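Please open the structure in the viewer and keep the selection panel at hand. The tour proceeds from a single side chain outward and then to a second chain.

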Amino acid sequence: MLLLLSFRTEEEKEKFEFVYNRYKKLLLHKAFDILRDYSLAQDATSEAFIRVYKNLNKLDDDLESGRTAAFLVMIVKNVSITMLKKRNRNESIDMEEFERPDSFNLEQSIISQNDISDLLKLVDQLKEELKTPFLLKYAYDLSYKEISKLLKISENNVAVRINRAKNKLPNILRKGGISL
Amino acid sequence: MKYQDSYQGDNEAFFRSLASLYIEDEGEKLKHELETEYIEIDDIPQQTALYDLDKNVNKAISAVKLRQFVYMAAPVAACFLIALLYISKPAIPNNGTADTFPPLDTTIQSTPTSAPAEITLLSTKLPEGCVVTKTDYDYDKMIYYIRNAQNNNIVLVSEPFTEIPPEENFDQITVNGITAYYMSKKDYKILFVRNNDALYTLSSEFNVQDLVDIASSIV
């Protein structure tokens, strides 16, 4: 009984093997884009897959969907950037992220702006360390605790980063020409 | 209405829509990238990295599984041991074989008299300072609980040899000319060594050298 509890079911094992075989090259490629070193990229990808293994239930049922691909890429990018920071010892914090935007209603502003793809490009201006927890919460509906476990940061840190993203987005959108 | 209230209340739905749209768009781009030849380029460093990735992910998954099993089994094992403390008799040497089983406190000695006859007994003198605090058996396995000179606890299991765990998941070390396989993690260390028809498994929380020292006295 204990053995059954401690090991994955056959279905979960097959799920992981499918995800691993389908996405390993893509994730390695994305990690290499950031780290520019195959050995480090391999380490980052390995770590990313271990985190996926421990959080298999967070994956969509459709393992070939774009959502699944985007989820996995977010994890490997997060791991890669952490490794890059440790390597470069560059952990400065952008104080602009603490700025509070003026009070305005985003949704009403966007209705007046038709070009969705331009809007999405503006989202890319968010730093990965803010964008990833923001997307995991709002697109994948993960809790702070789940995000904390996935990204290996404290729950407090998750809350701070999501808040920073929410504060920064209106500024980015305004600068990108969203009318207020 | 205060700024914070209106900000939090009105825009949560917007953030949800924005994030979902972003992921949908990003996902489609990644699906396209996955299906193009760019990922399939036959590049030697990439192929080497992929090979290493396969090996390392396998190794890491095995370690995660073992750790999960130990965490699951530990409370049950603890309850079992506590129960044994109250109901089992202390281990005594078999009659007429005192010369085969040296004194209790520094050596491995025989099973409790109620153990099945087919259990492989182990008779060896342990490294200096080591004490066998308890012995037990489980089907065809003999279990020895050892405390070494540094007061570190080590568990030794002796059983008939069937198979060694997959070699690629472990590092190797030579003990008295015999290849042993070990894994060293932050909170546990484990070592396997085969001698003739027996497999010895040593585990400890502390360091691999403790396990090697005891293995050296066995093989």
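Leaving aside its neighbours within four places in sequence, which residues is Y23(A) in contact with? In this predicted model, select Y23(A) together with F49(A), L63(A), E64(A), S65(A), T68(A), A69(A) and L72(A), all of which are in contact with Y23(A). Add L34(B), which completes the list of contacts and belongs to chain B.

Next, display the largest nonpolar core, a set of 67 residues. Y23(A), F71(A), L136(A) and Y140(A) have the most contacts inside this core. Then colour helix α2 of chain A, residues 10-35, which contributes ten residues, the largest share of the core. A second, separate core comprises 23 residues, including C130(B), I154(B), V175(B) and I214(B).

Now widen the selection to the whole of chain A. Chain A contains nine helices and zero strands. Of its 180 residues, 49% are buried. The exposed area of chain A is about 9000 Å², of which carbon and sulfur atoms supply 48%. Among contacts in chain A with a separation of 6 or more, 74% join residues 24 or more positions apart.

Finally, move to V57(B), located in helix α2 of chain B, residues 44-87. V57(B) counts as buried because its relative accessible area is 4%, under the 20% cut-off. Beyond its neighbours within four places in sequence, select F16(A), Y20(A), S46(A), F49(A) and I50(A), with which V57(B) is in contact. F49(A) thus appears in the selection for Y23(A) and again in that for V57(B). To end, draw a distance between the C-alpha atoms of V57(B) and N169(B): these residues are 112 apart along the chain, and the separation is 9.8 Å.

Terms used. Residues numbered from 1 in each chain as written. Chains lettered and ligands numbered in written order. Predicted model: local features only at pLDDT ≥ 70, side-chain atom pairs only at ≥ 80, totals over all residues. Heavy atoms only, no water. Helix = DSSP H or I, 4+ residues; strand = E, 2+ residues; numbered from the N terminus. Buried < 20%, exposed > 50% of the residue type's maximum accessible area, 1.4 Å probe, protein only. Contact = heavy atoms within 4.5 Å. Areas by Shrake-Rupley, 256 points an atom, 1.4 Å probe, with all protein chains shown as cover. Core = buried A, V, L, I, M, F, W, Y, C linked by side-chain atoms within 4.5 Å.
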